[in-house]
Amino acid sequence: MDTPSISLGGGEPIIRLRDVAKSYWREELEIPVLQGIDLDIPVGAYIALMGPSGSGKTTLLNLIAGIDRPTGGSLEVCGSELNDLDDDELAGWRNGHVGFIFQNYNLVPVLTAFENVELPLLLTGAGRGERRDRVEQALGLVNLTDKLRSYPRQLSGGQEQRVAIARAIVTEPDLLVADEPTGALDAKNAEEVLGLMERLNSELGKTIVMVTHDPKAAHHARHQIHLEKGVFDRTVEVNR
Amino acid sequence: MRWLALIWKSLLRSKRRTLLIVGSLMLSVFTVAVLQSLLTSLNSMTNNPNSSNRLAVRHKSGLTQMLPRSYEPYLRQQPEVETVCALQWFGGYYQDPRNFFANLAADETTIFQMFREEFGVSDITEAQIKDFQRDGAGCIVGEVLAKKNGWKVGDVVPLTGTIFPINPRLNIRIIYKSPRPSDENALYFHFKLLEEGVPRMKGLSGSFWVRLHRPEDIPRFVERVDRHYANSAYETLTETENAFNLGFVKMLGNIGAIIQGITLAVVVAILIVTGNTMATAIRERTTEIAVFRAMGFSSGRVLTLLLVEGMLLVAMGGMLGLLLALVAATGVRSTLGSLTPFLADFTILPDTILACLGGTLVVGLLATFIPAYAATRRPITDGLKAIG
């Protein structure tokens, strides 16, 4: 299938996908989800991946984030060819380069906000003092320094998502991936979270790839990429 | 936060479940430790290290049949023999029939030589022994028995006979201390007292205890004695002291097999319960495990965290169970030890402790590894339930 390639230009790409394909198998039946994806995303981009359910947007996000493997093609993300990394190397790569923001926040319920944010730092070898400074800094960025000792059950949905964002940025990753980050939030909290992500992109220069169904959320991104049945449909530059 | 804090917090995620699993493990380990120690205590009755060169000569037809005292000189004349002691179970009680303890009529001249280790003879003076031997109503009692009844040297102990129709009043001449508490729950008095009080016992004894110079001589001695009395009116059965005691243990049935069977059933049951609990606990955290791995925790690290968590859980249950068993053992010794001789030695040995702890950790490892391994091998995207 002939599929358009997308290059957003604007400098050295942080994400370079070539002829990427992904299929799932149900017994003997191959179900193609992504086909022939070529994509160049520059450092500092803020992309909204959009499309109907089953279009392959989350699968594409998972491939970019290194939590899934393609069935074909090559993925170079943050300077690493992901196909060349084994599972443990890929885990280390994710810890160093990618921050995750999930729709349902996915905080660990038995840990405080501070401890949740500290989790990815346990893998970095940072000392206790350094970890404390970085956690406080990350929670400061999301305006939650007064909730350090609060457990997720003591926080509102918007606060939980802000803790999750702090956890995503605490290791200072190059790339943030967000899967429906406002899907579980009301309009006010959604706006707050999107504003925060916009700041992370514009002020801290984080590259963000976000999957969303919500046109309002997508409007916060600089570019919208639409997928349809596993191929790129169109790209829209957003005038904010 | 440190790794152990992370594991500990995860462990206390569902306090009720943690409490229940620790409780069930505690009871299981307690049961296994007590049963195994019971078996050890029973076995110790038939495995007295001081009895390696001691033999019991009794009537071939059974313990209720007597042997003539005239056999004694023949036994004594055998070159392998160091000493011989006539010994007869008296089976009396003190004050209350439920107040069981071993009381026997014994040859007062040879008993100290025969049971010198059990009586701690080195701590008994020659004068004390002479006192006992001179007093026809004299008796010696073990320290456990004396303490239980509040007896001291010089006290009079009235025994009520159950097998023999006499009620001797005995004077305590010696209270002995034995290396094994179970040997201290006994009373011995002069054989002559029984003979004088019970005419039908004149010239008879239920058994002769024989001490050889060397254990290697046992087979030759046994063969010769039993052959010598074969086809007589009083045929003999000569066996080692341990084999003699084993006969009593066997009266309880194949208790070893029963205990091992129960232990196996407990271990299998707890493996299933723990496995099911761990599988449920890990399944409930599928998304969380996927999030950990997405953040950069390798499968091996997540597996290690889950395994340590599972092991910590079972170790807590196991240690509490052992602690309970140790406390119970002290209670059993002090309350039942005087009623049942082998329970006077009842103790949770280091071997049992190690075996229980090892077994607990193996159960924990098996119960945790399978669900944890499956969870860490599951694709992260499946865990996140995020196929777009």
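**Figure 1. A look into the second largest cavity of this predicted model.** This hollow has a volume of about 120 Å³. Its walls are built from residues of chain B, and here is the roll call: B:Leu6, B:Ile7, B:Ser10, B:Arg285, B:Glu288, B:Ile289, B:Phe292, B:Val302, B:Leu305, B:Leu306 and B:Glu309. The elements that each chip in two or more of these residues are H1, helix H11 (286-294) and H12 of chain B. Which element gives the largest share of the lining? That's H12(B), with four residues. Sort the lining by character and you get seven nonpolar residues, one polar and three charged.

**Figure 2. The largest cavity, with its lining residues.** Searching the whole structure turns up four cavities of 30 Å³ or more, and the largest has a volume of about 170 Å³. How many residues line this one? There are 16, and the ones nearest the centre are B:Leu11, B:Arg17, B:Thr18, B:Ala281 and B:Glu309. You've met B:Glu309 already, since B:Glu309 is also listed in the lining of the second largest cavity. Four helices of chain B each supply at least two lining residues to the largest cavity: helix H1 (3-11), helix H2 (15-45), helix H10 (255-283) and helix H12 (299-335). The lining here is a mix of seven nonpolar, five polar and four charged residues.

**Figure 3. Where chain A meets chain B.** On the chain A side, 32 residues are in contact with 25 residues of chain B. Together the two chains bury about 2,400 Å² between them, and carbon and sulfur atoms give 65% of that. Which residues of chain A lose the most area to chain B? They are A:Val110, A:Leu122 and A:Leu123, which together account for 22% of what that side buries.

**Figure 4. Zooming in on the salt bridge between the chains.** Across this interface the rule finds one salt bridge. The partners are B:Lys9 and A:Glu115, whose side chains meet at 2.8 Å, N to O. As for polar contacts, five residue pairs are counted between chain A and chain B.

**Figure 5. The chain A helices that touch chain B.** Helix H1 (57-65), helix H2 (87-97), helix H3 (113-118) and helix H4 (128-141) of chain A each give two or more residues to the side that touches chain B. H2(A) gives the most, with five residues. Taken as a whole, this side of chain A has 14 nonpolar, nine polar and nine charged residues.

Definitions and conventions:
Residues numbered from 1 in each chain as written. Chains lettered and ligands numbered in written order. Predicted model: local features only at pLDDT ≥ 70, side-chain atom pairs only at ≥ 80, totals over all residues. Heavy atoms only, no water. Contact = heavy atoms within 4.5 Å. Buried area = accessible area lost by both parts, 1.4 Å probe. Salt bridge = Lys/Arg side-chain N within 4 Å of Asp/Glu carboxyl O. Polar contact = N/O pair within 3.5 Å; in protein donor to acceptor, adjacent residues only side chain to side chain. Nonpolar A, V, L, I, M, F, W, Y, C, P; charged D, E, K, R; others polar. 1 Å grid on protein atoms, 1.4 Å probe; cavity = no way out; pocket = protein on both sides within 12 Å on 5 of 7 lines; lining within 4 Å. Points joined across faces, edges and corners; volume = space filled by probe spheres on them.
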